[in-house]
Amino acid sequence: MRPSLMYKTVWARTDKQTRQPTGRTVGPRTYAGDVTARLETRIAHIAEAALAERQFVTPIDVLIGLGWLTQPHVDRWLTGRVAALGLCVAVDSDKTAAALAALSAWAHDRGLKPWDTDYGDHSFTTGVDADAERAFRTRWAVSEQPAPALPRHRPRGLTVEEVEYAWTCDSCGGSGDLLLTTTTGISCLDCADLGHLVFLPSGDAALTRRTANASRLSAVVVQWSRRRNRYERQGILAESDAIEVAARQCLEDADARALRRQRDQLRREVVDEKFRGDFAEAIRMHFPGCPSTRAEAVAYHAALRGSGRVGRRAAGRALDPDAIRLAVTASVRHVDTEYDDLLMAGVDRDDARDRVRLRVEEVLAAWRGGLSVLDG
Ligand SMILES: [Zn+2]
C-alpha cells in the first residue's frame, strides 16, 4: 500500500472518531486545559491507528493525522526537494513540540519504546537544534522492526562507494577506501579526478547541504550495509573551500558549542606545511607562468592528500616532475575548463577529458613558457 493511502486511512478514521458527538461541549468551555485534552485524544487515536496498521508510529504520522502536514510535502522532502520538513508544518514550533510531547506520553503509557528513524540526510529543522531533530526522528514501537522504508531514489550526480574488500583500479592498478564505478570499470579517486575533494561525514544535514551547494564538483559517498541490505550514505566528497564556506554559513545561525564542533571537524585534516611549501616551489620551477595563488592552492590540496591517504614515502615520490605535472594538469582541468560541469552532468570521464584536452594543453604550454593565462 502506498504511504499516502495509508495516511488517508488514518486521517479518515480519526476524523470520524473526533467529530462524532461525545457529549463534550465546545465554546465557552474551550479553555487551555480542554484544548490540550482534545489534542491528546486526537493524537492517541491517530497513533493507535498507525500502530495497528504498521506496528510503529512516527511524528510524521501524527502531524499528517492532525492536518498540520500533508503527504505531498513529505514526498517532496524525502526526494530532497524540501530543505527541512519543519518548514512545511502549518503550525508554529511550540504547537509541534506540544504534539510530539503528547505522542511521547501516549507511547510511554502504551509501553512502547523510542527508536531512531534513519531518514538519511533529510532533516526536520533548519538549524542545529539537536533535541528537536531527535524528537522528530523518534518513532514509537514495541521493537526496532518494522521500520519506515526510505525511497530508494538514486542520489543525483556522482556516487562513490566506500568498500572494505580488496580491489584494484582499472586505470592505475592502485586501490583505496573509495571507488567509483564508471562505464569502463572501477576507478580510484585520483583516476576519477575526484582526488582533490575532501570527505565530509554525514551527521550535520545543514552543513552537508550547504557544502554540496557551494561545491562545483561533489560526490555522495555510500556504503553497502549487509545488515540492512541497502546502500547507506556516509557523507559527501566536496571541495575544501566549499566546506569552509558552508561551515561559515552554519556558524552564523549556530550556537557557540556547535560552532566549535564544526571547526574541529575541519581541522581534523592536518596539512603537512613543509611538504606544502616544497610542492609549491616545485610547481613554480616547472611552470613559471602558473599564478602563485594557484601554485599554493595545488600544493595545499597535495598536502591535504599527503596527510590523509598517502604515506611519507609516497609524499617524497609526489615531488618528482611527473607528479607535479599531473597535479597541475588536474588543477587546470578542474578550474580552467568546464570539466567539472561535464562530470556533474553525467558525461563519462574519458569523454569529458577529450572535450577539454586542447584547452588544458594550451594553458600548460603557456605556464611552462612563463606566461600567465587570463580567463578566456
Ligand atoms: Zn587509479
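Helix H7 of this predicted model contains the buried residues Ala205, Ala206, Leu207, Thr208, Arg209, Arg210, Thr211 and Ala212. The helix spans residues 205–214 and is mostly covered, with eight of its 10 residues buried. H7 lies across strands S7, S8 and S9. Its direction makes an angle of about 60° with S9.

The strands beneath this description belong to an open sheet of six strands. Their order is S6-S5-S4-S8-S9-S7, and the pairing is mixed. S6 (185–187) and S7 are the edge strands, each pairing on one side only. From one strand to the next, the twist averages 40°.

Several pairings within this sheet can be followed residue by residue. S7 (residues 198–201) and S9 (residues 230–238) run antiparallel and are joined by four bridges. Here Leu200 stands opposite Ile236 of S9. S8 (residues 218–225) also runs antiparallel to S9, with eight bridges between them. In that pair, Val221 faces Gly235 of S9. S8 and S9 form a hairpin, and four residues separate the two strands. In the turn, Asn229 has a positive phi of about 60°. The pairing of S4 with S8 is parallel and takes four bridges. Leu158 stands opposite Ala219 of S8.

The largest nonpolar core has 33 residues. Those with the most contacts inside the core are Val160, Leu194, Ala219, Val221, Ile236, Leu237 and Ala238. Elements giving two or more residues to this core include the strands S4 (158–162), S5 (178–182), S7, S8 and S9. The helices H7, H8 (240–252) and H14 (339–344) do so as well. H8 provides the largest share, five residues. Two of the core residues with the most contacts, Ala219 and Val221, also appear in the strand pairings: Ala219 is opposite Leu158, and Val221 is opposite Gly235.

A second open sheet has three strands in the order S1-S3-S2, with antiparallel pairing. S1 (56–57) and S2 (113–116) stand at the edges with a single partner strand each, so one side of each has no neighbour in the sheet. S2 pairs with S3 (residues 138–141) in the antiparallel sense over four bridges. Within this pair, Lys113 stands opposite Ala141 of S3.

Helix packing is illustrated by H10 (residues 273–286) and H13 (residues 321–336). Their axes are 10 Å apart and meet at an angle of about 85°. The two helices are therefore roughly perpendicular to each other. On the H10 side, the contact involves Ala282, Ile283 and His286. On the H13 side, Pro321, Ile324, Arg325 and Val328 take part. By class, the contact has five nonpolar, one polar and one charged residues.

Arg357 is found in helix H15 (residues 349–368). This residue counts as partly exposed because 13 C-beta neighbours lie inside 10 Å. Arg357 and Arg333 are 24 residues apart in sequence, and their C-alpha atoms are 8.2 Å apart in space.

Some backbone features stand out. Most residues other than glycine have a negative phi, and most peptide bonds are trans. The peptide bond from Gln145 to Pro146, in contrast, is cis, with omega near 0°. Pro146 is in the loop between S3 and S4. Gln55 has a positive phi, near 70°. It lies in the loop between helix H2 (32–54) and S1. With 13 C-beta neighbours inside 10 Å, Gln55 counts as partly exposed. Asp193 also has a positive phi, near 60°. Its place is the loop between S6 and S7. Asp193 is buried, because 20 other C-beta atoms lie within 10 Å.

For the chain as a whole, there are 15 helices and nine strands. Of its 376 residues, 31% count as buried. Among contacts between residues at least 6 apart in sequence, 62% join residues at least 24 apart.

Note on methods. Residues numbered from 1 in each chain as written. Predicted model: local features only at pLDDT ≥ 70, side-chain atom pairs only at ≥ 80, totals over all residues. Pairing = 2+ DSSP bridges. Buried ≥ 20, exposed ≤ 12 C-beta atoms within 10 Å, placed from the backbone. Axes fitted to C-alpha atoms, helices over the stretch in contact; angles between N-to-C directions. Parallel < 35°, antiparallel > 145°, perpendicular 65-115°, else oblique. Contact = placed C-beta atoms within 7 Å. Nonpolar A, V, L, I, M, F, W, Y, C, P; charged D, E, K, R; others polar. Core = buried A, V, L, I, M, F, W, Y, C linked by C-beta atoms within 7 Å.
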